[in-house]
Amino acid sequence: MACGMDLRLQLEALRKVYKKNLEDTVAVEDAIHIEVRLLPILSEEAMRALIREVLAEKGWTEGADGALVKTLGDAVATLDADGKTVTLKSKATATVTAEGRTVERNDRTEKESEKEAARLAEEKLAEEKKAAQAKLALKNLEELGRHEPALRKELQEALNRTYRRALEAKARELGEVESLQEQGRADGTYEVTVVVKA
């Protein structure tokens, strides 16, 4: 028995593919600001100088602008030059890429096809940047959340030392210091007792 098969193949013309690749860097910075309030035991200037001294002893370094800086993981804590605010910043960056692709068509020119590929790449890049920004913001919040409690604890300890030194300096202005006792408690309170001989 003879079998007949009629096989017809039609080749589709090869079409040129137009591609446009784009790349951009996305940076997101988030910060927490902590106001540093000091009791006026000594003059404002003297109190600010004392807290700067205490923080320097705790490893904070002075920058060119007079601010004190300390790195905490991927975050950076900065006591501004006037000593009134500590800012904890986290900055995250990512490189995003996108490709726009279109196929040659009879109803448009080569330049139009290239423009279409570029337009598609820009749209995709905008979407990728938006998604990357959301991820980076989340990463920053996690980083800030991880280091904020330790920073607040360190600042409280620095304030306690600042007050102790300020009270001692004030007591010396009043007369001879006979004794000085200090006591810190687990709840974060700090007590200093100064006895001055008049």
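I began by fixing a term: contact means heavy atoms within 4.5 Å, and the angle I give for a helix comes from a line fitted to its C-alpha atoms over the stretch in contact. The model I looked at is a predicted one.

With that settled, I looked up helix H2, residues 110-174, and noted that H2 lies across S1, S3, S4 and strand S5 (85-103), with an angle of about 160° to S5.

Next I turned to the sheet, which is open and has five strands in the order S1-S5-S4-S3-S2, paired in the antiparallel sense. At its edges I found strand S1 (17-35) and strand S2 (61-62), each of which pairs on one side only.

I then followed S3 (residues 68-72) into S4 (residues 75-79), two antiparallel strands that are joined by five bridges. Within this pair I checked threonine 71, whose bridge partner in S4 is valine 76. The hairpin that S3 and S4 make has two residues between the strands, and glycine 73 there takes a positive phi near 65°.

On the other side of my notes, S4 also pairs with S5, antiparallel and over five bridges, and in this pairing alanine 75 stands opposite serine 90 of S5. S4 and S5 form a hairpin too, with five residues between them, and in its turn I found glycine 83 with a positive phi of about 70°.

Which side chains of S4 are buried, and which are not? Reading along the strand, I saw the side chains alternate: Ala75, Ala77 and Leu79 point to one face and are buried, whereas Val76 and Thr78 point to the other face and are not buried.

Note on methods:
Residues numbered from 1 in each chain as written. Predicted model: local features only at pLDDT ≥ 70, side-chain atom pairs only at ≥ 80, totals over all residues. Heavy atoms only, no water. Pairing = 2+ DSSP bridges. Helix = DSSP H or I, 4+ residues; strand = E, 2+ residues; numbered from the N terminus. Axes fitted to C-alpha atoms, helices over the stretch in contact; angles between N-to-C directions. Buried < 20%, exposed > 50% of the residue type's maximum accessible area, 1.4 Å probe, protein only.
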